[in-house]
Amino acid sequence: MSKLQDIRELAQEHATSVSSSPRDWMGYMDTAARLYRYPFTDQLLIHAQHPQATACASLELWNEKMFRWVNRGARGIALLDENGHNTRLRYVFDISDTHMVAGGRSPYLWQMQEHQQEEILTHLAEAYGLEEKDTGTLSDALMAVAREMVADSLEEYLDGLEYAAEGTYLEDLDEVTVRSDFRQLATDSVYYMLCRRCGLEPMELLEEEDFMHITDYNRLSVLTFLGNAASQISESVLIDIGRTVHKISLEEARKEVEISNERNYNNFNTLMRENKGVENNKEENIENEGGTDYGTDISSQGGLPVSEPDRRGGRSDNREIRDASEDIPEGTQEQPVSEPVPDRKAEQPSGRDREGSTGEDGQPDGETAEEPSGTGQGSRPDGLDSIYERTDGNSGREHLDGIGIQLVEDTREDGLSKAEEEIASALSLPEYPTANEQKRQIGERVAAFYAGEIPIPESVVDDILRTGGNRTGSQLRIIYNFMSEQSPGEYTEFVKREYRKGGKGFQMDGREYSVWFDETGMQIAVGHTVADQILDKAFLSWKDVSRRIHQLLNQGEYAPQSVLDVARDNALKEHAQALAYMKGDMAEGVAEIVFDEADLPHLRSIYPEITDYLTEKLQDPGWLSDLNERLEALAEAYETDNSLMRFHHYNPVNISRQFQKFADEVIPYQAREGFAWKEQQMFITQDEIDAFLVRGGAYSEGRLRTYSFYLTYGGKSKG
């Protein structure tokens, strides 16, 4: 087996290991917090091979930039390099595996001092728009930042998780539970890493049990989603904090220099006065006593002693750089400056505008503390975080290996001038139909010429509609929605929201059918894709879909009676879950107003017990009526003050509307006697595969990496 395959398997196995318990996950995060510049996969592999690592870089960078030699016998930390045409191994070494030689340097790893915490707290409050209740301590502020940034990017990090859940413990969980647990895990993980890197104790606010759901992410395929979220969000916040710590430290150093200069100036004046007094005494002694010399610390030239030049620091020209590659198992070393950018650039916190947010004045993890000299290249070692290296004007930064081993150039704010904004406004285009809408219009016109010649059988369409959308419990939600009296437009809008966007494939009566649904409606085509078919295709608007489902329900031919009977129970459970999660999102003190005092002790339990309690209470018409009045009042208050909710996924206005509808009378459906579902064999369509690949897969900036690959290699022949 090749070394490359060994490392791939190591990543898989270690993902299972770190997700096996809360304590194992926290152990991984202790390492990741120190190496926050690395992407998740690299952090995972470094933790597997060298969990105590603090600052890592390639052999070339240590030798040629930092003048540190890798110790004989040291083993490189193998990482997967997927930026080129083929995946290969690259190796980094921790600073503990190096030693300094003449002229060598050590990376500057920023450390927050206790007296700096108040200024950092003020910065976070301003930069992230924190409320006063979240700024009591720095720990409180870090938790608030973690909550806000996870909430802002939750949909992005969850995108595609459902496709990767097969074969993991997540597969048995419903969508609402997965979403809630993911958000809480990501928030607590980000907070944990922020605290660890800032020198704070995260377990003052957290408990081990807060990470209990990490065991559901028992494979790399799903752990990558959570790891990317925690890694990327904590990186962007820590870069900001590191920059601020550096600015504070520079200001403190500047003041210390001013104080020191003033002290030296005063000492110099004192010496000069003493010297003048001694000279006067010498003249008197020479004149009166024959020239006795009392002596002073002043040189014979009448000033301070002349300092001798320091000849100790020169680096020998005949030194030999030892090649440590003999200890590297396999793989080639990348060049220290010109290697490609790794998995991602650091994201900026929460998308807010802040002064200097596009550059780094400070140096998180691995930067040197000196200012650049005025002669061009400063005295900083090349290649360590925040090293100022002038280039051809490009204001970006070029990553090297490691937790902050990178080059940072001067940056400037990016924005449109007033004239540019006017030009952009003048060139704005009117709204045109989307690509999907235009393709559908073309397809419908062509299909109209051949109507009835090659139709999709009505029985096939009905069987497909009976399967509902792609989300868990979709059929039950559709059934329950049609049990209440609504307008045709409301039915149609619900069906459109329920299906969302996606596809599925079926094998029926010896033929394969692909299904795709999006904002325009549903398409059903013969074959593995709907994209290549024009004639062998059926177009259904959401109005068509809604109307046909309603007809099937009225005819008793949509679902068996056993399924129809549990639609109400499913609705009770899902409404209870939504209420429980909304309660968790409420700001401090709001739950005490919305819920009855007798309910509150039950709502402070763990989620399964909270949901069970609310499910039972929702079956009481009196309790539900009282709850609806309180939810309606909360919705009205929320429209004028949205700070009532810490997060806004469970919008009180929407929840109130949903519960008002839930309280309406429903009429259950009856299945036709003897009606039963046909079990259909399913397959993954080409449309689903394409949609997944377009998103870039499960990895950070996957689309950009794929696009970059084809720009580089797409036009080259394999010969």
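The following exchange examines cavities and nonpolar cores in a predicted model.

Colleague: What makes the second largest cavity a cavity and not a pocket?

Modeller: A cavity is a set of points where a 1.4 Å probe fits but cannot get out, whereas a pocket is an open set. The space in question has a volume of about 50 Å³ and is counted as a cavity, so by that definition the probe cannot get out of it. The structure holds 3 cavities of 30 Å³ or more.

Colleague: Which residues line the second largest cavity, and how are they divided by class?

Modeller: The lining consists of Val 594, Phe 595, Asp 596, Asp 599, Trp 623, Asp 626, Leu 627 and Arg 630. Val, Phe, Trp and Leu count as nonpolar, while Asp and Arg count as charged; the lining therefore has 4 nonpolar, no polar and 4 charged residues. Helix α21 (residues 621-640) gives the most to this lining, with 4 residues.

Colleague: Why is Phe 595 called a member of a nonpolar core?

Modeller: Such a core joins buried residues of listed types, Phe among them, through side-chain atoms within 4.5 Å. Phe 595 belongs to a second, separate core of 71 residues, which also includes Tyr 480, Leu 618 and Leu 644; Phe 595 is therefore buried, with under 20% relative accessible area.

Colleague: What makes Ile 241 notable in the largest nonpolar core?

Modeller: Of the 82 residues in that core, Phe 182 and Ile 241 touch the most other members. Helix α9 (residues 220-289) supplies the largest share of this core, 14 residues. Leaving aside residues up to four places away in sequence, Ile 241 touches Trp 110, Met 112, Ile 120, Leu 124, Leu 142 and Cys 198.

Conventions
Residues are numbered from 1 along each chain as its sequence is written. This is a predicted model: local features need pLDDT of at least 70, side-chain atom pairs count only at pLDDT 80 or more; totals for chains, interfaces and linings use all residues. Side-chain values use heavy atoms; hydrogens and water are left out. On a 1 Å grid over the protein atoms alone, a cavity is a set of points where a 1.4 Å probe fits but cannot get out, and a pocket is an open set with protein on both sides within 12 Å along at least five of seven lines; lining residues have an atom within 4 Å of a point. Grid points are joined across faces, edges and corners, and a volume is the space filled by probe spheres set on the points. Helices (H or I, at least four residues) and strands (E, at least two) are DSSP runs, numbered from the N terminus. Buried means under 20% relative accessible area, exposed over 50%, partly exposed in between (1.4 Å probe, protein chains only). Contact means heavy atoms within 4.5 Å.
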